[in-house]
Amino acid sequence: MDELPGVPERTSTETAPDFDAVVIGAGVSGLYQLYRLRELGLRVRVFEAGTGVGGTWYWNRYPGARFDSESWTYGYSFSQELLEEWDWEEHFAAQPETERYLNYVADKFDLRRDIQFESRVAAAHYQEDTRSWNVILEDGRRYTTGLLITAIGVLSAATMPTIPGVETFQGQSCHTHYWPKEPVCFEDKRVAVIGTGATGVQTITEVAKTAGHLTVFQRTPQWCAPLHNAKISKEEMNRIRADYPEIFERCQETFGCFIHATDPRSTFEVTPEEREAFWEKLYSEPGFGIWMGNFRDILVDREANKLISDFLARKIRQRIKDPAVAEKLIPKNHGFGTRRVPLESGYFEIYNQSNVNLVDINETPIECITPSGIKTGGAEYEFDIIIYATGFDAITGAFDRIDFRGVDGVSLKEKWQDGPQTFLGILVDGFPNLLMVMGPHAGLGNFPRAAEYSADWVTGLIRFARERGLTRIEATTAGANGWTDHVIAASEGLLFAEVDSWMTGINRNVEGKQVRRIMRYSGGHPAFRERCEAVAADGYRELALA
Ligand code: NAP
């Protein structure tokens with residue numbers, strides 16, 4: 001171990017590792033995992049690459065960044081005191097509010113004293129003789145730990161486009177994930193945005209308000225739906241607070257831990273008039289209702305999916321003045337909800353503004369970035385600012401960027417070359433004492449709800465092992481194969497699995513990520529929890545513990 005201030009004094013033998021547990025990442029899941037491990041009395045160190053807490057909400061400070069989950073379902077549920085103290089300002093909080101919230105949590109529970117900032121983990125190698133991990137930071141500092149817990153998020157490895165000339169641009173440019181802390185002024189500036197995912201949609205809407213001129217480079221249009229955000233009054237917050245037990249209970253019962261539950265009816269059970277009225281209602285309501293609270297068959301039945309897609313297409317046509325522009329903004333290669341639905345606040349209307357134009361790069365592909373702008377097949381554009389909203393090497397990307405080596409030096413990246421293999425999205429066979437909070441093949445959805453559960457399960461397992469003096473925790477190969485097969489089977493028949501997106505592991509800017517893979521469990525959170533509970537109730541006999 002390097003000589004560093006802040007490493008706790010050794011209380012045990014010389015061969016004891018520096019820490020009982022190292023957590024990688026001080027975002028939503030890392031902060032909570034630290035809190036829980038401290039309760040167990042463990043010596044914990046969190047390594048965080050940023051200079052502050054928040055993870056996603058520390059990095060993604062691009063214009064317009066906010067979440068699409070209701071704020072009051074997004075906060076932690078574990079502390080009654082915290083629930084009583086924190087007032088959300090908006091139903092869908094913007095990045096600054098969420099970052100403030102996570103800082104408040106870090107201060108309230110005095111979490112910072114165990115977090116080492118500006119510490120990006122580059123490698124982690126398992127040592128069988130000591131049943132511990134060597135953790136190596138990017139700057140060469142080294143530590144040892146008994147348990148290694150990843151809390152590195154699912155969308156944290158940002159990717160730039162592989163367009164020739166990116167590095168030659170002489171103006172300002174930035175990937176949305178690495179947005180600077182200082183404000184960026186767009187007034188009188190010629191701005192380009194490449195990318196129209198959930199991030200691009202928010203960025204474009206905000207930048208269009210002040211930019212001298214904005215050009216949007218779109219490869220795939222999205223089925224966006226209105227967010228309908230609003231401020232929360234004091235009285236409303238008090239009502240929400242009183243309802244917290246029911247709110248969290250409901251989130252536990254729904255498929256994706258959101259407040260919105262799937263409508264039990266089929267699209268074809270109702271008359272066309274009833275269907276239209278129901279969809280109008282969903283379209284006029286806040287949040288993900290139109291995606292998560294829709295008829296039960298819209299994401300599995302092609303005909304049902306076509307009808308709801310047609311409904312959304314009509315909405316786009318109604319909102320865009322120029323019919324040719326409207327057609328460009330209507331997705332043609334995937335149905336509604338088969339990619340993550342971006343929620344928007346006036347996105348389509350910005351294309352009616354005179355300071356905004358849309359370039360469909362399927363018609364005129366980007367040839368290169370030049371020192372002064374962007375050259376497409378059809379034209380050369382000059383810009384002062386280029387914004388890359390080009391997404392992430394999702395789910396496994398953050399793992400690939402750390403050189404994890406398990407038993408016999410096996411590389412995790414190589415093991416997962418053809419797709420992740422995990423037990424419950426938490427453990428990997430051949431990688432003892434590595435535990436993943438919200439790892440690949442865990443259920444996704446309303447992130448904090450699922451992350452709290454995942455961290456609690458990890459904590460329960462660690463407690464179980466420590467109480468019995470067990471120092472080696474590993475998934476069995478049969479267990480990992482079984483869960484992986486189950487995850488793949490659970491996605492069969494779901495339309496999202498037939499579409500290219502980060503949810504199916506596609507990132508055309510990353511080598512080896514061109515083939516669709518099942519990256520997450522899509523059997524729903526209640527089923528996920530049931531399986532996890534059964535493993536725990538059975539004394540973790542499905543694991544190899546020693
Ligand atoms: P994304 O959905 O993967 O979108 C990336 C965009 O960049 C896509 O439009 C993609 O086009 C385009 N792109 C990538 N490489 C390109 C290239 N070489 N040339 C041209 N275009 C290129 O990423 P994201 O928008 O950052 O969103 C990722 C996820 O983060 C979201 O789905 C969501 O889960 C989460 N998020 C949440 C919120 C929220 O809660 N409100 C906000 C932002 C993000 P193709 O589609 O053709 O590949």
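**View 1. Residue classes in the shell around the ligand of this predicted model.** By class, the shell holds 10 nonpolar, 9 polar and 6 charged residues, where Ala, Val, Leu, Ile, Met, Phe, Trp, Tyr, Cys and Pro count as nonpolar, Asp, Glu, Lys and Arg as charged, and the others, Gly among them, as polar. In total 25 residues surround the ligand, and the closest are R66, T199, R219, T220 and W502; a residue is near a molecule if one of its heavy atoms lies within 4 Å of it. Helix α6 (residues 198-207) gives the largest share of this shell, 3 residues, helices (H or I, at least four residues) and strands (E, at least two) being DSSP runs numbered from the N terminus. At least three shell residues come from each of domain 1 (19-53 + 111-157 + 394-545) and domain 2 (160-223 + 341-391), with bounds taken from an automatic or database domain assignment.

Residues are numbered from 1 along each chain as its sequence is written, and side-chain values use heavy atoms, with hydrogens and water left out. As the model is predicted, local features need pLDDT of at least 70 and side-chain atom pairs count only at pLDDT 80 or more, while totals for chains, interfaces and linings use all residues.

**View 2. Oxygen atoms of the ligand and their protein partners.** An N or O atom in the side chain of R219 lies 2.8 Å from an oxygen atom of the ligand, while backbone N or O atoms serve at A198, at 3.1 Å, and at A389, at 3.2 Å. Of the 910 Å² that the ligand exposes when taken alone, the protein buries 86%, areas coming from the Shrake-Rupley method with a 1.4 Å probe.

**View 3. Strand β2 (residues 44-47), covered on both faces.** V44 and V46 on one side, and R45 and F47 on the other, are all buried, that is, under 20% relative accessible area with a 1.4 Å probe and protein chains only. Strand β1 (residues 19-24) pairs with β2 in the parallel sense over 4 bridges, pairing requiring at least two bridges found by DSSP, and A21 stands opposite V44.

**View 4. Two loop residues with positive phi, D408 and L424.** Most residues other than glycine have a negative phi. D408, in the loop between β17 (403-405) and α13 (412-415), has a phi near 60 degrees and counts as exposed (over 50%) because its relative accessibility is 76%. L424, whose phi is also near 60 degrees, lies in the loop between α13 and β18 (434-436) and is buried, with a relative accessible area of 0%.

Methods:
A polar contact is a pair of N or O atoms within 3.5 Å; within protein, one must be able to donate a hydrogen and the other to accept it, and residues adjacent in sequence count only if both atoms are side-chain atoms.
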